[in-house]
Amino acid sequence: MDERENILQGTVDRLIETALRKLDQEEAIASGEAELSRISDQILRDTQLGGQHRQLMLDYIHQLNQVTRRQCRHLYCQGAQDCVLLLRRLGVIQ
């Protein structure tokens, strides 16, 4: 990956993080994050879970978060492309 691509990805990541921080201020999102944290803590403390099952669940949560992050990046970039296309078709930009 070249330097320009690194800069672009870093910029997109920061814009997404900024948007997500703003989204986190909404009560429904904040309560969902709190619930996710509670469940994760419960998994860590659950004595009935064997070490292998606990690790499997934590790995699942980690992978799910990674997939969600990639989806956010893709949707953000696709939204930007769609916006430019729409503005071109409306004649706002050329």
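Two residues are in contact when heavy atoms of theirs lie within 4.5 Å. Keep that idea in mind as we walk through this predicted model, because it tells us where two of the helices touch.

**How confident is the prediction?**

Averaged over the chain, the pLDDT is 87, and 99% of the residues score at least 70. Confidence does vary from place to place: helix α2 (residues 27-45) has the lowest mean, 85, while helix α3 (residues 51-89) has the highest, 90.

**Helix α3 from end to end**

Let us start with α3 and a little arithmetic. This helix has 39 residues, and at 1.5 Å a residue they should span 57 Å. In the model, the C-alpha atoms at the two ends of α3 are 56 Å apart, so the expected span and the model agree. Just after α3 comes G91, whose phi is positive, at about 80°.

**Where α1 meets α3**

Two packed helices are described by the angle between their axes and the distance between the axes. Which angle do helix α1 (residues 3-24) and α3 make where they pack? The angle is about 100°, and the axes are 10 Å apart. Angles of 65 to 115 degrees count as roughly perpendicular, so α1 is roughly perpendicular to α3.

Now zoom in on the residues that touch. From α1 come V12, D13, L15, I16 and E17. On the α3 side they meet R69, C72, R73, Y76 and C77. Sorted by class, this contact has six nonpolar and four charged residues, with no polar ones.

**A closer look at four residues**

How open are individual residues in α2 and α3? A relative accessible area under 20% would count as buried and over 50% as exposed, with partly exposed in between. Here are four examples to find in the structure:

| Residue | Helix | Relative accessible area |
|---|---|---|
| V84 | α3 | 32% |
| E35 | α2 | 35% |
| S31 | α2 | 45% |
| Q71 | α3 | 46% |

V84 is partly exposed, because its 32% falls between those two limits. E35, at 35%, is partly exposed too. S31 counts as partly exposed at 45%, and Q71 does so at 46%.

**Distances along the chain and in space**

Finally, try comparing separation in sequence with separation in space. V84 and Q71 are 13 residues apart along the chain, and their C-alpha atoms are separated by 20 Å. From Q71 to S40 there are 31 residues along the chain, with 22 Å between the C-alpha atoms.

How far apart in space are E35 and D46, which are eleven residues apart in sequence? Their C-alpha atoms are 16 Å apart. For S31 and H74, 43 residues apart along the chain, the C-alpha separation is 25 Å.

How values were computed. Residues are numbered from 1 along each chain as its sequence is written. This is a predicted model: local features need pLDDT of at least 70, side-chain atom pairs count only at pLDDT 80 or more; totals for chains, interfaces and linings use all residues. Side-chain values use heavy atoms; hydrogens and water are left out. pLDDT is the predictor's confidence in each residue, from 0 to 100. Helices (H or I, at least four residues) and strands (E, at least two) are DSSP runs, numbered from the N terminus. The expected span of a helix is 1.5 Å times one less than its number of residues. Axes are lines fitted to C-alpha atoms, for helices over the stretch in contact, and angles run from 0 to 180 degrees between N-to-C directions. Angles under 35 degrees count as roughly parallel, over 145 as roughly antiparallel, 65 to 115 as roughly perpendicular and the rest as oblique. Ala, Val, Leu, Ile, Met, Phe, Trp, Tyr, Cys and Pro count as nonpolar, Asp, Glu, Lys and Arg as charged, and the others, Gly among them, as polar. Buried means under 20% relative accessible area, exposed over 50%, partly exposed in between (1.4 Å probe, protein chains only).
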